[in-house]
Amino acid sequence: MTRVPLSVLDLSPISEGSTAQQALRNTLDLARQTEEWGYERYWVAEHHFVAAASSSPAVLIGLIAAATNRIRVGSAAVQLGFTTAAAVVESFGTVDALYPGRIDLGVGRSGQRKAAALADAEQAAPERAVSSGSSELFPVAPAAAAPRKTPMLAASLASLQQPHAEAPDFHEQLDDLTALLAGTYERDGVPLTARPGVGADVALWLFGSSAGPTAREAGARGLPFAASYHFSPGTTLGAIDEYRRAFVPSDRLSEPYVAVSADVVVAAEDSVAAELAASFPQWVHSIRSGRGAVEYPDPKAVAPLTGEEYQLVADRVDTQVVGSAATVSDKLEALQDATGADELVITSVAHGHADRLRSYELLGKEWGLPRLRI
């Protein structure tokens with residue numbers, strides 16, 4: 001089986017005892033290194049009011065593009081419900097104007113409801129879609145894994161929108177995005193041109209985690225689709241199948257193109273990787289319990305989860321790919337084969353920055369990525 005390209009998904013995690021400033025410096029360092037190690041693209045997530053420093057994708061993407069030379073840089077993904085199509089096109093168009101042909105504009109449906117509604121249905125209930133694959137590779141999340149209506153979540157979402165604001169329909173926002181990029185946008189019959197933005201050479205991607213509107217939109221528009229296996233492993237196959245069924249060839253793609261994300265920790269030996277990944281369950285539990293992502297715990301000092309707590313995160317912990325480079329490569333090949341992925345997007349989180357760097361380096365070498373000559 002031909003090995004597909006590998007890319008990076010970075011949350012700019014803040015480690016326990018560290019700072020947001022250091023997390024951002026770590027992101028720039030990781031981007032430079034993974035470019036040298038042959039990774040295809042470098043995507044940053046969008047998260048707010050949690051221990052992740054990737055809250056402003058367009059700004060961070062510009063900084064990463066400036067610090068690198070070849071690697072594509074993009075968002076995974078801009079939460080369209082908390083912004084406008086015009087703001088997105090202008091900000092990404094600004095970065096593209098200085099680093100043309102290297103920018104990926106990934107968007108998702110988060111925030112599509114009112115802030116008071118708390119969550120986007122596609123992201124909120126991964127348990128609704130039952131996996132059609134093996135239970136080992138595609139375990140279904142428990143019903144309790146849906147985001148909980150906590151005061152923190154309500155306050156966070158309310159802070160990301162203007163009072164009484166409600167985002168337009170996702171389909172309409174995508175129409176506006178493409179029209180603004182193409183220079184055909186009108187509002188109330190008045191032509192408007194985004195500068196920078198119009199004609200920007202950005203690659204539009206859609207991100208989704210289940211067989212819902214995002215997968216169908218990506219297919220119908222002939223766009224590439226990123227399936228969030230690392231977020232919701234049990235619904236990945238359904239999302240990919242929905243995308244492929246809906247696919248219509250476009251100027252961008254003649255056939256479907258799927259990237260699949262995976263949580264990965266690689267070390268010199270399986271046992272060492274397991275030690276580095278020991279605090280991953282506690283970190284995921286902080287997310288699913290409604291507290292939001294905490295500072296990434298030190299695996300040497302973390303308290304074990306109770307049985308009930310572990311059940312809340314078992315699907316994600318069981319699908320984190322942990323081990324030596326050879327062990328992880330074999331498991332990623334199995335994931336690639338099961339999903340038909342055209343690309344794998346690796347998110348490797350560890351408490352120590354050096355361990356995270358080593359994880360990507362070892363995997364890239366084992367996978368056979370072409371190293372950049374500098």
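Colleague: Between which strands does the loop that holds Ala77 lie?

Modeller: Ala77 is placed in the loop between β3 and β4 (78-79). Helices (H or I, at least four residues) and strands (E, at least two) are DSSP runs, numbered from the N terminus. The model is a predicted one, in which local features need pLDDT of at least 70 and side-chain atom pairs count only at pLDDT 80 or more, while totals for chains, interfaces and linings use all residues. Residues are numbered from 1 along each chain as its sequence is written, and side-chain values use heavy atoms, with hydrogens and water left out.

Colleague: Which peptide bond at Ala77 is cis, and what is its omega?

Modeller: The bond that runs from Ala76 to Ala77 is cis, with omega near 5°. Another cis bond joins Arg195 to Pro196, where omega is near -5°. Pro196 belongs to the loop between β7 (190-191) and β8 (203-208).

Colleague: What makes the phi of Ser12 worth pointing out?

Modeller: Ser12 is not a glycine, yet its phi is positive, about 50°. Most residues other than glycine have a negative phi, and most peptide bonds are trans. Ser12 sits in the loop between β1 and α1. Phe49, also a residue other than glycine, has a positive phi near 60°, and its place is the loop between β2 and α2.

Colleague: Why is Ser12 called buried?

Modeller: Buried means under 20% relative accessible area, exposed over 50%, and partly exposed in between (1.4 Å probe, protein chains only). The value for Ser12 is 0%, and therefore Ser12 is buried. Thr347, in strand β12 (residues 343-347), is buried because its relative accessibility is 3%. Thr236, in helix α8 (residues 236-246), has 2% and so counts as buried too.

Colleague: What does Thr347 touch, and how is a contact recognised?

Modeller: Contact means heavy atoms within 4.5 Å. Leaving out residues up to four places away in sequence, Thr347 touches Leu9, Leu11, His230, Ala262, Asp263, Val264 and Tyr360. With its neighbours within four places set aside, Thr236 is in contact with Phe138, Ser209, Ala227, Ser228, Tyr229 and Thr339.

Colleague: How do you know that the span of α1 is close to the expected one?

Modeller: The expected span is 1.5 Å times one less than the number of residues. Helix α1 (residues 20-36) has 17 residues, and its 25 Å from first C-alpha to last is close to the expected 24 Å. After α1 comes Gly38, with a positive phi near 95°.

Colleague: Which residues of α1 are buried, and what shows where they lie around its axis?

Modeller: The buried residues of α1 are Ala23, Asn26, Thr27, Leu30, Ala31, Thr34 and Glu35. They cover an arc of only 160°, so they are on the same side of α1; the arc is that of the directions from the helix axis to the C-beta atoms. An α-helix has 3.6 residues a turn, so residues three or four places apart point the same way. The buried residues of α1 pack against β1 (6-10), β2 (41-44), α2 (57-67) and α13 (353-367).

Colleague: What does His353, in helix α13, touch?

Modeller: Apart from residues up to four places away in sequence, His353 touches Asn26, Asp29 and Leu30. His353 and Gln22 are 331 residues apart in sequence, while their C-alpha atoms are 9.8 Å apart in space.

Colleague: What makes an empty space a cavity, and what a pocket?

Modeller: On a 1 Å grid over the protein atoms alone, a cavity is a set of points where a 1.4 Å probe fits but cannot get out; a pocket is an open set with protein on both sides within 12 Å along at least five of seven lines; lining residues have an atom within 4 Å of a point. Grid points are joined across faces, edges and corners, and a volume is the space filled by probe spheres set on the points. The structure holds two cavities of 30 Å³ or more, and the second largest cavity has about 40 Å³. Its lining consists of Pro13, Ser15, Asn26, Ala350, His351, Gly352, His353 and Arg356.

Colleague: How does the lining of the second largest cavity divide by residue type?

Modeller: Ala, Val, Leu, Ile, Met, Phe, Trp, Tyr, Cys and Pro count as nonpolar, Asp, Glu, Lys and Arg as charged, and the others, Gly among them, as polar. This lining has two nonpolar, five polar and one charged. The largest pocket, of about 340 Å³, has a lining of ten nonpolar, six polar and three charged residues.
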